[in-house]
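Me: I am new to this structure and would like to learn how to read it. Could we go through it together, one feature at a time?

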Amino acid sequence: PLDWGNLVHSFLERLMEPWLSEKTPLKEIAKAMLRSEAKALRQAARKFSSQLSQRLEVLPPVFRQAELNKLEETVKSYFEEVVKETVTGGIPTELEFKRRVPFPGLEGLLISGKMDRIDQGDGQFRIYDYKSGRTPKKKDLKREVFLGYRVQPILYPWIYRQQNPEAEAEFSFIVLGLSPPQEMEVTDRPAAEEFLRPLAEILEKGMYLPTPTETLKLNGIEGADSCRYCEFVSLCRRFDPGAQRRYAGFSEKHISSRLEAMKS
């Protein structure tokens, strides 16, 4: 009944928000939260949990307390890594930063982005995206970014630069689901305009084509696991007789530039 990812993101935002106007470095925020055996963090967690009473009432008491303990321990562990500098952190300047920018080459269409946190430090900005669930191994992350399964590292720095042309922005995932939490920096990624170009062609045609894992393999793209990321996998008729080859033929005809981008 609880969206754990949203819960921990909201708690982190609540903790950091009062420090924004003072331009306090993340490391100093973390130290303050952990001081006196994390007294301030425990108090904030109790206050936060009282504001979630309606959402928590659906849980039996023992599970309710377990969720709150997990929330507190996860954030405590993250702040400990910040203090040890095993994860980066500058001066938080924006939380839940939302922007819409024009889709290149498609008049009237907008791309919307909501960035969990933006820090300033060392002459540049860094965009952070919190992850509480399954994450790829570091060696697989680059592949998933270039295939388009993880678009935040590509689009968020680009969206930010549309609003701040002089600003350089880097990108990192903060993986809160690991123990201890870890940072996965994404430095190698395609240019946003290049990535969006074949998608613009698809949108311009107004055609949705199923490209399940089996179809991509027939198109010569090995190792792609598109079904794992698809919200409609339970509705897909990819195992109907001949469907995979029909999809492959349609794909080659109508979205060839997207396939070529994935192959490259």
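Me: Let me start with one residue: is Cys230 buried, partly exposed or exposed?

Reply: Happy to help! Please keep in mind that this is a predicted model. Cys230 has 29% relative accessibility, so it counts as partly exposed.

Me: With cysteines I always wonder about bonds. How many disulfides does the structure hold?

Reply: The number of disulfides is 0. Cys230 takes part in none, and its nearest cysteine sulfur belongs to Cys227, 6.7 Å away. To judge such a distance, recall that a disulfide needs two cysteine sulfur atoms within 2.5 Å. You can try the same reading on Cys236.

Me: Then why is there no bond between Cys236 and Cys227?

Reply: Because the two sulfurs are 6.4 Å apart, which is too far for a bond, even though Cys227 holds the closest cysteine sulfur to that of Cys236. Cys236 counts as partly exposed as well, because its relative accessibility is 26%.

Me: Now for the empty spaces. Which residues lie nearest the centre of the largest pocket?

Reply: The general idea comes first: rolling a probe the size of a water molecule over the atoms shows where empty space is left. Here, the largest pocket has a volume of about 1200 Å³. Its lining has 32 residues, and nearest the centre are Gly148, Tyr208, Thr211, Cys230 and Arg258. So you have met one of these already: Cys230, the partly exposed cysteine.

Me: What is the lining of the largest pocket made of, in terms of nonpolar, polar and charged residues?

Reply: That lining has 26 nonpolar residues, 3 polar and 3 charged. Helix H7 (192–205) and helix H10 (256–263) each give at least two residues to it, and H7 has the largest share, with 5 residues.

Me: What about the second largest pocket: which element supplies the largest share of its lining?

Reply: There it is H10, with 5 residues. This pocket holds about 310 Å³ of space. It is lined by 16 residues, with Phe146, Ala261, Met262, Lys263 and Ser264 nearest its centre. Helix H5 (138–147), H7 and H10 each contribute at least two residues. By type, the lining divides into 8 nonpolar, 2 polar and 6 charged residues.

Me: Let us move to the interior. Which residues of the largest nonpolar core touch the most other members?

Reply: In soluble globular proteins, nonpolar side chains tend to be buried together. In this model, the largest nonpolar core has 28 residues, and those touching the most other members are Ile111, Met115, Ile127, Leu155, Trp158, Ile159 and Tyr160. Several elements give two or more residues to this core, including strand E1 (91–102), strand E2 (110–121) and helix H6 (152–163). The largest share, 6 residues, comes from H6.

Me: Could you show me one core residue up close? What is Ile111 in contact with, beyond its neighbours within four places in sequence?

Reply: Ile111 is in contact with Arg99, Arg100, Val101, Phe103, Pro104, Leu155, Trp158, Ile159 and Leu196. There is also a second, separate core of 27 residues, with Met33, Leu71, Leu95 and Tyr128 among them.

Me: One last residue: is Ile174 buried or exposed?

Reply: Ile174 has a relative accessible area of 0%, so it is buried. You will find Ile174 in strand E4. Leaving aside neighbours within four places in sequence, Ile174 has contacts that include Tyr78, Tyr128 and Gln182. Lys47 lies 127 residues from Ile174 in sequence, and their C-alpha atoms are 24 Å apart in space.

How values were computed: Residues are numbered from 1 along each chain as its sequence is written. This is a predicted model: local features need pLDDT of at least 70, side-chain atom pairs count only at pLDDT 80 or more; totals for chains, interfaces and linings use all residues. Side-chain values use heavy atoms; hydrogens and water are left out. On a 1 Å grid over the protein atoms alone, a cavity is a set of points where a 1.4 Å probe fits but cannot get out, and a pocket is an open set with protein on both sides within 12 Å along at least five of seven lines; lining residues have an atom within 4 Å of a point. Grid points are joined across faces, edges and corners, and a volume is the space filled by probe spheres set on the points. Helices (H or I, at least four residues) and strands (E, at least two) are DSSP runs, numbered from the N terminus. Ala, Val, Leu, Ile, Met, Phe, Trp, Tyr, Cys and Pro count as nonpolar, Asp, Glu, Lys and Arg as charged, and the others, Gly among them, as polar. A nonpolar core is a set of buried Ala, Val, Leu, Ile, Met, Phe, Trp, Tyr and Cys residues joined through side-chain atoms within 4.5 Å. Buried means under 20% relative accessible area, exposed over 50%, partly exposed in between (1.4 Å probe, protein chains only). Contact means heavy atoms within 4.5 Å.
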